[in-house]
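User: I have a chain on my screen and would like to talk it through before I go back to the bench. Could you walk me through the fold and a few local details?

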Amino acid sequence: VGFLFSSRNVLGRVIALTRIAAIGAAIFLTMSRGGLLALTIMLCVLLIRSRMRWQLVVVVGVLGGLLQFMPDIFFQRVGMLISGEDQTGSGRTEIWSAGLALLSRFGWFGSGLETWMTAYMTYGGGEESGAHNTYLLVWVELGIVGLALFLMMIFAHLRLASRTSSTTSQGGFPVAIEA
């Protein structure tokens with residue numbers, strides 16, 4: 001999206017739109033509801049922060065055009081989440097509950113880098129599963145200090161992107177990074 005904003009020639013814009021379509025197709029084909037939510041939020045931030053609104057209309061059009069190729073199960077998954085039929089987020093809430101229980105054991109000092117699976121299977125009482133939550137994963141593996149450093153990195157990144165996008169008049173990369 002940033003390349004689309006900053007490109008000054010037709011070929012660059014076509015390449016950018018092709019990349020956007022590929023990323024959108026990947027999100028839709030994996031049927032990731034979280035990816036779809038992230039894409040929607042990113043486009044909303046871009047629409048609010050950007051002065052290049054016509055390009056965003058094209059991006060939304062390209063991504064919207066991909067919806068006609070989606071299988072019905074995609075719309076069923078989104079519908080189940082909206083209707084409340086899928087209250088567990090495909091089992092994530094049970095994983096998160098066990099992960100929060102791990103914090104009493106590993107919350108201060110952490111279990112160690114790349115040890116989520118071992119800690120979860122040993123102390124969480126579950127089958128092999130990912131954390132499905134980056135913040136919980138970092139907290140369990142790296143403890144409170146690791147979580148604090150991770151959050152500081154995110155906020156510093158957002159502050160820098162915000163500062164850069166408000167002072168830059170040319171190009172869309174700072175706004176795209178902020179989004």
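Analyst: Here is a short walk through the overall make-up, followed by some helices, aromatic pairs, surface and loops.

Analyst: This is a predicted model, in which local features need pLDDT of at least 70 and side-chain atom pairs count only at pLDDT 80 or more, while totals for chains, interfaces and linings use all residues. Residues are numbered from 1 along each chain as its sequence is written, and side-chain values use heavy atoms, with hydrogens and water left out.

User: How many helices and strands are there in the protein chain?

Analyst: The protein chain has nine helices and zero strands, where helices (H or I, at least four residues) and strands (E, at least two) are DSSP runs numbered from the N terminus.

User: And what share of the residues is buried?

Analyst: Of the 179 residues in the protein chain, 32% count as buried, with buried meaning under 20% relative accessible area, exposed over 50% and partly exposed in between (1.4 Å probe, protein chains only). The protein chain exposes about 11200 Å², of which carbon and sulfur atoms supply 67%; these areas come from the Shrake-Rupley method with a 1.4 Å probe, and for residues only the protein chains shown count as cover.

User: What about contacts between residues 24 or more positions apart?

Analyst: Such residues account for 59% of the contacts in the protein chain with a separation of 6 or more, a contact being heavy atoms within 4.5 Å.

User: Let's zoom in on α6: how far does it reach?

Analyst: Helix α6 covers residues 92-106 and reaches 20 Å from its first C-alpha to its last, close to the 21 Å expected for its 15 residues; the expected span is 1.5 Å times one less than the number of residues.

User: Which residues in α6 are buried?

Analyst: In α6, the buried residues are I95, A98, G99, L102, L103 and F106.

User: How many aromatic pairs are there?

Analyst: The count is three aromatic pairs, where rings of Phe, Tyr and Trp (its six-membered ring) pair if their centres lie within 6.5 Å, and planes under 30 degrees apart count as stacked, over 60 as edge-to-face and the rest as tilted. One of them is W116 with Y120, which is stacked because the ring centres are 5.5 Å apart and the planes are at 15°. Both W116 and Y120 are buried. Another pair is Y135 with F150, whose centres are 5.7 Å apart and whose planes are at 65°, so the pair is edge-to-face.

User: Is Y135 buried, exposed or in between?

Analyst: Y135 is partly exposed, with a relative accessible area of 44%.

User: Switching to the surface, which residues form the nonpolar patch?

Analyst: The patch is formed by W108, F109, I144, V145, L149 and M152, with about 760 Å² of accessible area together, and L149 lies in helix α8, residues 134-167. Patches are made of residues with over 30% relative accessible area and no salt bridge, joining like charges within 9 Å and nonpolar side chains (Val, Leu, Ile, Met, Phe, Trp, Tyr) within 5 Å; a salt bridge is a side-chain nitrogen of Lys or Arg within 4 Å of a carboxyl oxygen of Asp or Glu.

User: Last topic, what is the phi of E114?

Analyst: The phi of E114, a residue other than glycine, is positive and near 60°. E114 lies in the loop between α6 and α7 and counts as exposed at 68% relative accessibility.

User: And where is H132 found?

Analyst: H132 is found in the loop between α7 and α8, has a positive phi of about 60° although it is not a glycine, and is partly exposed, with a relative accessible area of 41%.
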